[in-house]
Amino acid sequence: MKFEHLIEINDPLNPLADTMTREQLWRGLVLRAEDPKLFVPHLDECTISGRESGSFMRRLRYGELVIDDKVVLHPLHEVRYEVPAQGDIAQSLLTMTIEAPSEGVMWVRFLYDDGNPSATDETGRMYEDFKKSAYKEADIDTIKIVRQLASEGKLDASLLN
């Protein structure tokens, strides 16, 4: 199943909305990768290893479930999570891309590929719709937390990449 959606970050036509700089947004997306417990409340542990230029490996523990993944950083543009096939988990990919289609406008495109073909039966499609909804809600929460951190000045300093 492949799924993508956009979340608006800055809209110059809405004077009431707080704006973020690309750098603040980038730092927030990197923070989500480096300290995911701030963003994923049911995550028990995240261990980072294998840091290289532009990427690092993680081990995520959710109770008994352990997932290894690789995070690839394309500074100020994209954070990509690559999950290799492991146990009952298929190879999957999540890409968060910062897009600025015009002056003052900024979006994050979330692109998911869970490594499985799209469902062809009604039950499978219902399950996919549920997953898409859960992904979208998690992404909205991510941006909400990033906005909060930015408004508190916690993404202003060059703390990350």
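Which residues do ring pairs link into a cluster? In this predicted model, they are Phe3, Tyr112 and Tyr135, and the views below start there.

**View 1. Phe3 stacks with Tyr112.** The structure holds two aromatic pairs. In the pair shown here, the ring centres of Phe3 and Tyr112 are 6.1 Å apart and the planes meet at 25°, so the pair counts as stacked. Phe3 belongs to strand 1 and Tyr112 to strand 7, with their positions 109 residues apart in the chain. Phe3 is buried at 14% relative accessible area, and Tyr112 is buried as well, at 8%.

**View 2. Tyr112 also stacks with Tyr135.** Here the rings lie 4.1 Å centre to centre, with 5° between the planes. This pair joins strand 7, home of Tyr112, to helix 2, where Tyr135 sits 23 residues away in sequence. Tyr135 is partly exposed, with a relative accessibility of 25%.

**View 3. The largest nonpolar core has 32 residues.** Leu25, Val79 and Val108 have the most contacts inside this core. Several elements each supply at least two of its residues, among them strand 1, strand 7 and helix 2. Helix 1 gives the largest share, six residues.

**View 4. Val79 and its neighbours.** Leaving aside residues up to four places away in sequence, Val79 touches Trp26, Leu29, Val30 and Ala33, along with Val71, Val72 and Leu73. Leu94, Thr95 and Met96 are also among the residues that Val79 touches.

**View 5. Arg51 lies over the face of Phe56.** Take a look at the spacing here: Arg51 is placed 4.9 Å from the ring centre of Phe56.

Terms used: Residues are numbered from 1 along each chain as its sequence is written. This is a predicted model: local features need pLDDT of at least 70, side-chain atom pairs count only at pLDDT 80 or more; totals for chains, interfaces and linings use all residues. Side-chain values use heavy atoms; hydrogens and water are left out. A nonpolar core is a set of buried Ala, Val, Leu, Ile, Met, Phe, Trp, Tyr and Cys residues joined through side-chain atoms within 4.5 Å. Buried means under 20% relative accessible area, exposed over 50%, partly exposed in between (1.4 Å probe, protein chains only). Helices (H or I, at least four residues) and strands (E, at least two) are DSSP runs, numbered from the N terminus. Contact means heavy atoms within 4.5 Å. Rings of Phe, Tyr and Trp (its six-membered ring) pair if their centres lie within 6.5 Å; planes under 30 degrees apart count as stacked, over 60 as edge-to-face and the rest as tilted. A charge sits over a ring if NZ of Lys or CZ of Arg is within 6 Å of the ring centre and within 35 degrees of the ring normal.
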